[in-house]
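Student: I would like a close look at one part of this model, the place where two helices pack against each other. Please take it slowly, and then set beside it a few other local details of the chain.

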Amino acid sequence: MQVPVVIVGGGPSGLLLSQLLHLQGVESVVLERRTKAHVMGRVRAGVLEQGTVDLLRAAGVADRLEAEGLIHEGLDIAFAGRRHRLDLASLTGGRTVTVYGQTEVTRDLFEARERLGGAVVDGAKDVALHDLDGDAPYVTYRHVGEEHRIDCDFVAGCDGFHGVSRGSMPASVLREFEQVYAFGWIGVLSRTPPVSPELVYASHERGFALCSMRSPTLSRYYLQCPSEDVPENWSDERFWGELKRRLPAATADVLVEGPSVEKSVAPMRSYVAEPLRHGRLFLVGDAAHIVPPTGAKGLNLAASDVHYLSHALVDHYRRDDDSGLRDYSEKALARVWKCERFSWWMTSLLHRFPDAGPFRERVQRAELDYLFSSRAAMTSLAENYVGLPY
Ligand code: FAS
Ligand code: PHB
């Protein structure tokens with residue numbers, strides 16, 4: 001089989017890239033290791049930057065997002081028993097974020113690819129990349145017991161942090177930058193009304209908490225927990241009790257508890273691989289970088305990588321212009337590192353660090369006090385949260 005682009009990974013990066021290329025007449029095949037049901041079963045990101053919304057609209061998959069997505073003009077940060085509102089819209093000239101779950105984004109993309117006859121192979125096992133630094137790369141994989149080979153021009157590695165693409169780059173080429181945190185997040189999804197109409201990020205001496213949502217009847221909550229923690233350690237009763245202890249009393253009093261319909265622990269790390277290109281292979285999304293979810297940047301960074309790479313590939317095929325491919329790594333990394341900085345800063349500001357000590361804790365409190373005493377400081381947080389320009 002011969003196709004212009006093979007996309008490894010059928011998560012949001014791979015599906016969005018495939019959809020955008022198709023609309024510009026560039027065909028691709030998506031190879032996804034897991035079943036569609038498994039990919040759809042993941043509860044992950046919840047906040048979309050305007051740039052991501054615009055990209056999904058350009059991909060023709062924003063109808064449900066526009067009907068069901070919740071536009072948020074602000075968020076709260078709670079500390080020392082009080083909530084402080086950050087008015088994102090007034091601080092950024094009217095820009096906002098949209099609350100719409102990654103699960104729904106992935107569903108919309110899957111349905112669009114199926115509607116347009118897109119080639120998405122789920123259950124593709126043992127994907128392997130070959131001759132990436134030549135002019136005729138190819139990809140092999142096994143599907144329902146049969147071996148397959150696809151000859152292509154380019155490979156997009158959209159296969160997440162544990163994928164095969166990044167590891168296909170020579171160790172002599174790959175540079176890695178990482179910070180691992182001594183904590184993670186235990187997340188719960190519950191069919192209960194959100195505790196507040198906007199997100200509440202809470203800094204507390206017992207640890208970080210986040211109150212988010214998916215709809216007016218579906219809430220998403222997170223608690224900072226030890227990095228080696230497991231969902232089995234958290235009964236619903238323990239989770240709700242600990243969440244209420246970390247929220248201001250007035251907020252805890254109106255929290256509606258209910259049975260968890262999903263419960264999972266997300267590890268916490270900052271990670272970047274450089275460069276994002278090796279020969280005919282391009283890394284995209286979590287295959288290339290990971291951010292702690294405190295800044296709600298993971299899915300949104302995947303979207304900006306897809307924006308850059310889809311334009312570069314279309315320019316190659318339709319305008320015989322390879323400048324975008326040549327500049328992809330440097331251009332995408334410039335935005336990646338700004339989002340890595342913001343996600344690391346938000347995480348440092350709001351979490352309890354076991355080895356911090358009293359001096360560091362006083363500095364954290366001073367930074368929160370300063371944040372809400374300075375329009376310049378609030379503007380800086382707001383413009384990063386709503387999304388830096390592409
Ligand atoms: P993904 O990991 O989503 O998709 C990669 C796909 O490639 C997967 O479907 C995988 O099955 C497939 N794959 C892997 N290896 C393969 C192989 N060898 N062959 C074929 N296919 C292969 N971001 C936020 O903004 N907020 C959050 O709260 C948040 N929570 C998260 C919780 C968890 C547990 C994780 C892991 C991530 C979370 N993220 C969050 C980040 C997340 O949303 C990612 O940024 C987003 O999924 C990135 O999308 P992709 O790059 O498509 O990678
Ligand atoms: C979520 O709703 O899942 C969410 C929201 C904001 C974050 C992280 C996760 O920073």
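Tutor: What follows begins with a helix pair and then turns to a strand and to some local backbone details. The model is predicted, and everything said here is to be read with that in mind.

The helix pair consists of helix 10, residues 323–350, and helix 12, residues 375–386, whose axes come within 11 Å and cross at roughly 120°. Because an angle of this value falls outside the roughly parallel, roughly antiparallel and roughly perpendicular ranges, helix 10 is oblique to helix 12. The crossing of the two helices is left-handed. On the side of helix 10 the contact is made by K338, R341, F342, W345 and M346, while helix 12 contributes L381, N384 and Y385. Sorted by character, the residues of this contact comprise 5 nonpolar, 1 polar and 2 charged.

Strand 2, residues 28–32, offers another setting, since 5 of its 5 residues are buried and the strand is therefore largely enclosed by the rest of the structure. In a regular strand the side chains alternate between the two faces of the sheet. Here S28, V30 and E32 point one way from strand 2, V29 and L31 point the other way, and all are buried. Strand 2 pairs in the parallel sense with strand 1, residues 2–8, over 4 bridges, and within this pairing V5 stands opposite S28.

Further along the chain, the peptide bond from E274 to P275 is cis, with omega near -10°, and P275 itself lies in the loop between strand 18 (269–274) and strand 19. Strand 19, residues 277–278, includes H278, which counts as buried because its relative accessibility is 14%, under the 20% cut-off. Leaving aside neighbours within four places in sequence, H278 is in contact with L132, D133, M169, P170 and V173.

Two residues other than glycine have a positive phi: A80, with a value near 50°, and D131, also near 50°. A80 is placed in the loop between strand 5 (75–79) and strand 6 (82–86), and it counts as exposed because its relative accessibility is 54%. D131, by contrast, is placed in the loop between strand 9 (125–130) and strand 10 (138–143), and at 45% relative accessibility it counts as partly exposed.

Terms used
Residues are numbered from 1 along each chain as its sequence is written. Chains are lettered from A and ligands numbered from 1 in the order in which they are written. This is a predicted model: local features need pLDDT of at least 70, side-chain atom pairs count only at pLDDT 80 or more; totals for chains, interfaces and linings use all residues. Side-chain values use heavy atoms; hydrogens and water are left out. Axes are lines fitted to C-alpha atoms, for helices over the stretch in contact, and angles run from 0 to 180 degrees between N-to-C directions. Angles under 35 degrees count as roughly parallel, over 145 as roughly antiparallel, 65 to 115 as roughly perpendicular and the rest as oblique. A crossing is left-handed if the near helix is turned anticlockwise from the far one by less than a right angle, and right-handed if clockwise. Contact means heavy atoms within 4.5 Å. Ala, Val, Leu, Ile, Met, Phe, Trp, Tyr, Cys and Pro count as nonpolar, Asp, Glu, Lys and Arg as charged, and the others, Gly among them, as polar. Buried means under 20% relative accessible area, exposed over 50%, partly exposed in between (1.4 Å probe, protein chains only). Two strands pair if DSSP finds at least two bridges between them.
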